[in-house]
Amino acid sequence: MFTLTQFPLPYSETALAPYISAETLNYHHGKHVATYIKNLNDLITGTKYADMPLIDIIKESDGTDQKIFNNAAQVYNHDFFFNCMRPADKKSTVPVKLADAFGGTDKLRDQFKAAALSVFGSGWAWIVRDGDEYKIITTANADTPIAHGMTPLFTIDVWEHAYYLDYQNRRAEFIDAVWDNLANWDFVAENMEL
Ligand code: MN
C-alpha cells in the first residue's frame with residue numbers, strides 16, 4: 001500500500017527566525033501538516049485514490065470528495081509554501097521577467113500584499129502562471145491553483161496558524177517579513193520554467 005509520508009522542511013525549524021519562529025514551524029509543519037497527511041492517508045485507504053500521486057488525488061477529488069480534496073490540497077499547498085522560503089541570510093532577487101509583468105518589483109509586491117490582506121478568513125495568496133499570463137490570485141481554505149489548471153509560482157499561507165504565534169492579528173507584518181526576508185526567488189524562477 002502506497003502511503004503518503006510527510007515531506008521534510010527544506011531547512012531547520014530555527015532557520016527562519018526571527019521572521020518565523022521555531023515554535024511556529026514546529027506547530028505548522030510538525031502538527032498542522034502532519035494532521036493533513038494522517039487524515040488524507042486515513043481517507044484514501046481502500047479507495048481509488050490510494051495509489052495516486054498527490055496531484056492526481058487533488059484533481060480527481062475536486063468537486064466530488066471534499067474531505068479528500070481539502071487534505072490533499074493542504075498537503076500540496078504547504079509543501080509548496082515551505083519551499084517558497086529560505087533562510088534570511090540567503091537572499092535572492094525577484095526574477096526580472098516576473099517583475100516586468102507587473103510593472104516592476106514594487107508594484108508586484110504591493111499587488112501581492114493587497115491580495116494577501118484581502119483573504120477573508122483562511123486561505124492563500126499566490127503568484128501563478130495561467131496560460132501565457134502571470135497573475136496574482138487568492139484561494140479560500142484549502143483551494144489550490146493546481147485544481148484550476150494554473151501553475152503556482154509563489155505563495156504565502158495566510159491561515160492564522162501560519163503567523164498567530166509570532167504576529168497575532170498583524171497579518172500585514174507577517175506578509176512583509178516573508179516577502180522582504182524569506183522569499184526564495186530561485187524557487188520561483190524554477191517554477192517559471194515549468
Ligand atoms: Mn498552513
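# A walk from the salt bridges to the metal

Start by selecting Lys 135 and Asp 130: these two form a salt bridge, with their closest N and O atoms 2.6 Å apart. You're looking at a predicted model, so keep that in mind as you click around. How exposed are the two partners? Lys 135 is partly exposed, with a relative accessible area of 28%, and Asp 130 is partly exposed too, at 26%.

Next, pick Glu 173 and Arg 170. Here's another salt bridge, and this time the closest N and O atoms are 3.1 Å apart. Glu 173 is partly exposed at 39% relative accessible area, and Arg 170 counts as partly exposed at 34%.

Now show Asp 176 and Lys 113. Their side chains meet in a salt bridge at 3.0 Å, N to O. Color the helices and you'll see that this pair links distant parts of the chain: Asp 176 sits in helix α7 (residues 171-182) and Lys 113 in helix α5 (residues 105-118), 63 residues apart. Add Arg 109 and Asp 180 to your selection, and you have a network of salt bridges linking these two with Lys 113 and Asp 176. Altogether, the model has eight salt bridges.

Time for helix α8, residues 185-192. Which of its residues are buried? Select Trp 185, Phe 187, Val 188, Asn 191 and Met 192. Turn the view to look down the axis of α8: the buried residues fall within an arc of 150°, so they line one face of the helix. In general, an α-helix has 3.6 residues a turn, so residues three or four places apart point the same way.

What do those buried residues pack against? Bring up α3, α4 (96-101), the strands β1 (123-130), β2 (133-140) and β3 (151-157), and α7. Before you leave α8, zoom in on its N-terminal end, where Asn 184 acts as a cap: one of its side-chain oxygens lies 3.2 Å from the backbone nitrogen of Asp 186.

Last stop: the manganese ion. Which residues hold on to it? Show His 28 (NE2), His 78 (NE2), Asp 157 (OD) and His 161 (NE2), which coordinate the ion at 1.9 to 2.1 Å. Along the sequence, these donors follow the spacing H-x49-H-x78-D-x3-H. His 28 lies in helix α1 (residues 22-44) and His 78 in helix α3 (residues 66-83), so the pair ties together parts that are 50 residues apart in sequence. Switch on a surface and check both: His 28 counts as buried at 1% relative accessibility, and His 78 is buried at 0%.

Note on methods:
Residues are numbered from 1 along each chain as its sequence is written. This is a predicted model: local features need pLDDT of at least 70, side-chain atom pairs count only at pLDDT 80 or more; totals for chains, interfaces and linings use all residues. Side-chain values use heavy atoms; hydrogens and water are left out. Donors are N, O and S atoms within 2.8 Å of the metal (3.2 Å for Na, K and Ca); water is not among the atoms, so sites may look incomplete. Helices (H or I, at least four residues) and strands (E, at least two) are DSSP runs, numbered from the N terminus. Buried means under 20% relative accessible area, exposed over 50%, partly exposed in between (1.4 Å probe, protein chains only). A salt bridge is a side-chain nitrogen of Lys or Arg within 4 Å of a carboxyl oxygen of Asp or Glu. The arc is that of the directions from the helix axis to the C-beta atoms. Contact means heavy atoms within 4.5 Å. A polar contact is a pair of N or O atoms within 3.5 Å; within protein, one must be able to donate a hydrogen and the other to accept it, and residues adjacent in sequence count only if both atoms are side-chain atoms.
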